[in-house]
Amino acid sequence: PKTPKPRNSEDCKIMATILLDSGAHTLKGTVASGDFDMKTEYNGYIRSKGGNIISLGNRALADCSEGGFDSRSHAIAFPQSRGLLQDSNIQSELWGRLFTQLIPDADVLEATRQSKLLMTLQPNQPEMIVDRYCQMIFEDFGFQEAAFLTPHSAALNTVAGGTCHLVLDCG
């Protein structure tokens, strides 16, 4: 097997740019190469009233729709509330599940160490939350580079021509 190169190696090449929209309800992501195949992951989880996590992400969504959810003994929870990060450990786990979908035939951590991340971030985030996102991006996943942009500026950057635009964000 190949030995992974150290992160600070001069010949470390960027494998891909991963685009991530870390929405409060749904994570959306794609690799910015090829066909831009969009993948999604439910950004929530089911926990018992005692606090134990029962299921995460898309599995939690399936459990709810298949009748495996009992509101007397379980609760639906989200790692973000009102656009603010509340539980970074759960958020990191859910990002990992999305990245696994985006890079199915590779070691996710090795792939992210050779990639850049472009992530949408809600405007006016407290510095403490932005710092935690950076910690997750660089320490948990080891991305080479990261950039944040607001969903509104991302939408405006994709619109060609004209001087007046309306961006409707229903998220």
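Two strands count as paired if DSSP finds at least two bridges between them, and this criterion underlies the exercises below, which concern a predicted model.

**Exercise 1.** Determine which residue of E2 is the bridge partner of leucine 20, and place the pair in its sheet.

*Solution.* Begin with the two strands: E1 covers residues 16-22 and E2 covers 26-31. E1 and E2 pair in the antiparallel sense over five bridges, and within this pairing the partner of leucine 20 in E2 is glycine 29. In general, the strands of a sheet pair through backbone hydrogen bonds, in either a parallel or an antiparallel manner. The next step is to widen the view to the open sheet of five strands, whose order is E3-E2-E1-E9-E10 and whose pairing is mixed. Because strand E3 (39-42) and strand E10 (145-149) stand at the edges with a single partner strand each, one side of each is left without a neighbour in the sheet. Ignoring direction, neighbouring strands of this sheet are turned against each other by 20 degrees on average. Finally, H2 lies across E1, E2, E3 and E9, and runs at about 150 degrees to E3.

**Exercise 2.** Identify which element supplies the largest share of the largest nonpolar core, and which core residues touch the most other members.

*Solution.* The core holds 27 residues, of which Ile18, Trp95, Phe99, Leu117, Met119 and Tyr133 touch the most other members. Sorting by element, at least two residues each come from strands E1, E2 and E9 and from helices H2, H3 and H4. The largest share, six residues, is that of H2. For one of the residues named above, Tyr133, the contacts beyond four places in sequence are Gln80, Leu85, Trp95, Met119, Leu121 and Phe148.

**Exercise 3.** Decide whether glutamine 80 is buried or exposed, and describe its surroundings.

*Solution.* Glutamine 80 lies in strand E7, which spans residues 80-81. Its relative accessible area is 4%, and since buried means under 20%, glutamine 80 is classed as buried. A polar atom of the glutamine 80 side chain lies 3.1 Å from the backbone oxygen of serine 22. When neighbours within four places in sequence are set aside, the contacts of glutamine 80 include Ser22, Gly23, Asn43, Gln122 and Tyr133.

**Exercise 4.** Find what percentage of the 171 residues is buried, and set this beside the other totals for the protein.

*Solution.* Buried residues make up 35% of the 171, in a protein with five helices and ten strands. Among contacts with a separation of 6 or more, 60% join residues 24 or more positions apart. The accessible surface comes to about 10,300 Å², and 52% of this area belongs to carbon and sulfur atoms.

Definitions and conventions. Residues numbered from 1 in each chain as written. Predicted model: local features only at pLDDT ≥ 70, side-chain atom pairs only at ≥ 80, totals over all residues. Heavy atoms only, no water. Helix = DSSP H or I, 4+ residues; strand = E, 2+ residues; numbered from the N terminus. Buried < 20%, exposed > 50% of the residue type's maximum accessible area, 1.4 Å probe, protein only. Polar contact = N/O pair within 3.5 Å; in protein donor to acceptor, adjacent residues only side chain to side chain. Contact = heavy atoms within 4.5 Å. Core = buried A, V, L, I, M, F, W, Y, C linked by side-chain atoms within 4.5 Å. Areas by Shrake-Rupley, 256 points an atom, 1.4 Å probe, with all protein chains shown as cover. Axes fitted to C-alpha atoms, helices over the stretch in contact; angles between N-to-C directions.
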